[in-house]
Amino acid sequence: MNDPDKFKTLAWILLLVGALIGGPLARSAHAERLKELTRVQGVRDNQLIGYGLVVGLDGTGDQTTQTPFTVQSLQAMLSQLGVQLPAGSASTLQLKNVAAVMITATLPPFTRAGQEIDLTVSSLGNAKSLRGGTLLMSPLKGVDGQVYAIGQGNVLVGGVGASANGSKVQVNHLAVGRVPGGGTVEREVATVIGRGDYIFLESNTSDFDTTRQIVWAINSAIGMGVANAVDGRVVRVVAPVEQDKRVEFLARLENLDVVRPRALAKVIVNARTGSVVMNQTVTIEPCAVAHGNLSVIITTEPVISQPNALSLGGTTVQAAKSNIEIREDKGGLVTMPAGVSLAEVVKALNSIGATPQDLLAILQAMKSAGVLRADLEVI
């Protein structure tokens, strides 16, 4: 074998090793389909909203004295149907079986006229329940004010409630229901896939490493130069101009395996509920954490003071006696080494009795001290 052949053989070996390292071997461990990481630019849902009336309720509708718009809506609907109410009768109507509602729906891309969509119906007034009601024909409009669908159908409520003599029992929420297939599409929304010879893929997250892996996966499967990164989120792909071939090309792209880079270390804290969520890449620097609880307990007991038997004109007096007790638990000092895993962090914080609310303060203090290797996001 001469030298040029040796160089060619060596080049093919290096290319094969590089493909195995960055391609199938890596994908088998942390690979995801392209459709799970990106979406096609221009292919999107559209939100619809409408106003309507739900009738047929079992006395659980709006109280008309507090929701005058329900009466106005009913009068307008009846007038369109040829029914005229006597003048001044609006104030005497008791429409306990009618409720004013807002209707929301999502219009998926490529939806055609005549197809059905699901509706969500939400009480707008003070109706107690929408269970058993029927939504009357209502237009659903887009952001441009045009009517894109018509909604009507029986409302399904996933709950139940009962009340009597001041007692009330309720399971789940009764003021919101669904109308499966209750919306009929009347107007289509044009969806354009790409511009000219290109389609654009938008990553779900702004990450340069993820974008680089997407470009590599497409070029490896289709051909070099087919995909190019526009920025840290958008990838431009050369695609066939013919519509049917472009759809087939997109179907092939969606099933490509893409190596998912290591996730960014992040801690999400919900200050309202006390929820703390950390991913597995969160680590810390060497630090020591001390935790102590301070609780104040106040108890009040009624004290009855009665006059003695020989007193004249005395009255019985009721007073209150309060006892205040302060308890302070001893704080535990826990030392955590550098680079510990998420499981070790949680175990150490649990060992000192930290509750979710305590974790909020501890994590914020660790971030301020510069020992938390993660982004702390408070929502």
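**Exercise 1. Work out how exposed E254 is, and find its salt-bridge partner.**

Let's begin with E254, whose relative accessibility is 33%, so this residue counts as partly exposed. The structure is a predicted model, so the exercises here work from predicted coordinates.

Step 1. Look for a partner. E254 forms a salt bridge with K35, and their closest N and O atoms are 3.9 Å apart.

Step 2. Place both residues in the fold. E254 belongs to helix α6 (residues 243–254) and K35 to helix α3 (residues 34–37), so this pair ties together parts that are 219 residues apart in sequence.

Step 3. Check the partner's exposure. K35 has a relative accessible area of 36%, which makes it partly exposed.

**Exercise 2. Describe two further salt bridges, and say how many a search of the whole structure finds.**

Step 1. Start with R33. This residue forms a salt bridge with E36, with 3.4 Å between the closest N and O atoms.

Step 2. Add the exposure of each side. R33 is partly exposed at a relative accessible area of 34%, and E36 is also partly exposed, at 40% relative accessibility.

Step 3. Move on to D209. Its salt bridge is with R212, where the closest N and O atoms are 2.9 Å apart.

Step 4. Relate that pair to its helix. D209 and R212 are three residues apart in helix α5 (residues 208–221), so about one helical turn separates them. D209 counts as partly exposed, at 31% relative accessibility.

Step 5. Give the total. Searching the whole structure turns up seven salt bridges. As general background, side chains of opposite charge can pair when their charged atoms come close.

**Exercise 3. Characterise the largest pocket by its volume, its lining and the elements that supply it.**

Step 1. Take the volume, which is about 380 Å³ for the largest pocket.

Step 2. Count the lining. The largest pocket has 13 lining residues, and those nearest its centre are M77, Q80, L136, M137 and S138.

Step 3. Trace the lining back to the secondary structure. At least two lining residues come from each of β3 (46–55), α4 (68–80) and β6 (134–141).

Step 4. Sort the lining by character. Eight of the residues are nonpolar and five are polar, with no charged residue in the lining.

**Exercise 4. Find the nonpolar surface patch that includes V83, and locate V83 in the fold.**

Step 1. Name the members. L81, V83 and L85 make up a nonpolar patch on the surface, and together they have about 260 Å² of accessible area.

Step 2. Locate V83. You will find it in the loop between α4 and β4 (99–107).

Step 3. Check its exposure against the cut-off. Patch residues need over 30% relative accessible area, and V83 is partly exposed at 39%.

**Exercise 5. Examine two loop residues, F110 and T316.**

Step 1. Read the backbone of F110. Its phi is near 65°, a positive value in a residue other than glycine.

Step 2. Place F110 and give its exposure. F110 sits in the loop between β4 and β5 (116–123), and its relative accessible area of 38% makes it partly exposed.

Step 3. Turn to T316, which is in the loop between β19 (294–305) and β20 (317–328). Exposed means over 50% relative accessible area, and T316 counts as exposed at 51%.

Step 4. Compare chain separation with distance in space. T316 and S305 are 11 residues apart along the chain, and 5.7 Å separates their C-alpha atoms.

Methods. Residues are numbered from 1 along each chain as its sequence is written. This is a predicted model: local features need pLDDT of at least 70, side-chain atom pairs count only at pLDDT 80 or more; totals for chains, interfaces and linings use all residues. Side-chain values use heavy atoms; hydrogens and water are left out. On a 1 Å grid over the protein atoms alone, a cavity is a set of points where a 1.4 Å probe fits but cannot get out, and a pocket is an open set with protein on both sides within 12 Å along at least five of seven lines; lining residues have an atom within 4 Å of a point. Grid points are joined across faces, edges and corners, and a volume is the space filled by probe spheres set on the points. Helices (H or I, at least four residues) and strands (E, at least two) are DSSP runs, numbered from the N terminus. Ala, Val, Leu, Ile, Met, Phe, Trp, Tyr, Cys and Pro count as nonpolar, Asp, Glu, Lys and Arg as charged, and the others, Gly among them, as polar. Patches are made of residues with over 30% relative accessible area and no salt bridge: like charges are joined within 9 Å, nonpolar side chains (Val, Leu, Ile, Met, Phe, Trp, Tyr) within 5 Å. Accessible areas come from the Shrake-Rupley method with a 1.4 Å probe; for residues, only the protein chains shown count as cover. A salt bridge is a side-chain nitrogen of Lys or Arg within 4 Å of a carboxyl oxygen of Asp or Glu. Buried means under 20% relative accessible area, exposed over 50%, partly exposed in between (1.4 Å probe, protein chains only).
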